[in-house]
Amino acid sequence: MYRDNTLVPAEATRLLALGLLMETPMSYAKLAQTVRGFNSLIVGPSLDLIGIPLEVLKVEGLVEGEDSSEEAALSLTDTGREEFTYLMTSNLRAPVTDMSKLIIAIKMRLLHLSDSKTQAMQINLLVDIYERQLTRLLELKQGYSTNEGQFDGWLDLDIKHTTEQLNTYEKMAESMA
């Protein structure tokens, strides 16, 4: 993890793999394909996310297989569940970048597997992030708007999108309270 308790790319991949196995056991090949596919659809091809170290999960005792074949179903161990919980409680980083979007997508995909306290904490972190993101965009508009070019239109679209996301996360937070 980074110093601010946010996930590095390899930990994001680990969180996704553990969460998928928490939902249902699957073979190594299916798990690798699912993790790779999900990551690619969120951030596109990324060197940071290639070479999923899923075999390490076995070595670390986080998952176990029925046997050593590629087709054997992997399942989560108790230690794997503890690691999942630890990774799910990590902070989220602002501003929203491609990597933080991936981490948000992974956490939203797996949030139902966490306890209600962790769910509320993660949603509140998202509210905080998007409040800061919106403030930053509004300051940018105030200080750098121009009557020429396409900057204002682009910025207005980003502000609208960020406002919609903030409203969505605020509604989620209210429903959890």
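**Core and helix packing in the predicted model**

In this predicted model, the largest nonpolar core comprises 44 residues, and the members with the most contacts inside it are L15, L18, L31 and Y130. At least two residues of this core come from each of α1, α2 (28-43), α3 (54-59), β3 (73-76), α4, α5 (98-110), α6 (116-144) and α7 (151-176). For L15, the contacts beyond its neighbours within four places in sequence are L7, F84, L87, M88, I106, K107 and L110.

The chain as a whole contains seven helices and three strands. Read from the N terminus, the order of these elements is α-β-α-α-β-β-α-α-α-α. Along the principal axes, the C-alpha atoms of the chain occupy a box of roughly 65 × 35 × 25 Å. Of the 177 residues in the chain, 40% are buried. Among contacts in the chain with a separation of 6 or more, 65% join residues 24 or more positions apart.

Two helix pairs were examined. The first consists of helix α1 (residues 9-23) and helix α4 (residues 78-88), whose axes approach to within 9 Å and cross at roughly 130 degrees. Helix α1 is therefore oblique to α4, since angles that are neither under 35 degrees, over 145 nor from 65 to 115 count as oblique. The crossing of α1 past α4 is left-handed. On the α1 side, the contact is made by E11, R14, L15, L18, G19 and M22, and on the α4 side by G80, R81, E83, F84, L87 and M88. By class, the residues of this contact between α1 and α4 are six nonpolar, two polar and four charged. Both L15 and L18, which take part in this contact, are also among the residues with the most contacts inside the largest nonpolar core. From α4, F84, L87 and M88 are included in the list of residues in contact with L15.

The second pair is formed by α6 and α7, whose axes come within 9 Å of each other and cross at roughly 155 degrees. Helix α6 is therefore roughly antiparallel to α7, because an angle over 145 degrees falls in that class. This crossing of α6 and α7 is left-handed. The residues in the contact of α6 with α7 divide into 18 nonpolar, six polar and six charged. Each of these two helices also supplies at least two residues of the largest nonpolar core.

Individual positions were then considered. Helix α7 contains L157. This leucine is exposed, with a relative accessible area of 56%, because exposed residues are those over 50%. Between the C-alpha atoms of L157 and M176 the distance in space is 29 Å, while the two residues lie 19 residues apart in sequence.

A73 belongs to strand β3. With a relative accessibility of 22%, A73 is partly exposed, because its value lies between the 20% limit for buried residues and the 50% limit for exposed ones. Not counting residues up to four places away in sequence, A73 touches P25, M26, S27, E64, G65 and E66. R136 is 63 residues from A73 along the chain, and the C-alpha atoms of these two residues are separated by 46 Å.

Methods. Residues numbered from 1 in each chain as written. Predicted model: local features only at pLDDT ≥ 70, side-chain atom pairs only at ≥ 80, totals over all residues. Heavy atoms only, no water. Axes fitted to C-alpha atoms, helices over the stretch in contact; angles between N-to-C directions. Helix = DSSP H or I, 4+ residues; strand = E, 2+ residues; numbered from the N terminus. Left-handed = near helix turned anticlockwise from the far one by under 90°. Contact = heavy atoms within 4.5 Å. Nonpolar A, V, L, I, M, F, W, Y, C, P; charged D, E, K, R; others polar. Core = buried A, V, L, I, M, F, W, Y, C linked by side-chain atoms within 4.5 Å. Buried < 20%, exposed > 50% of the residue type's maximum accessible area, 1.4 Å probe, protein only.
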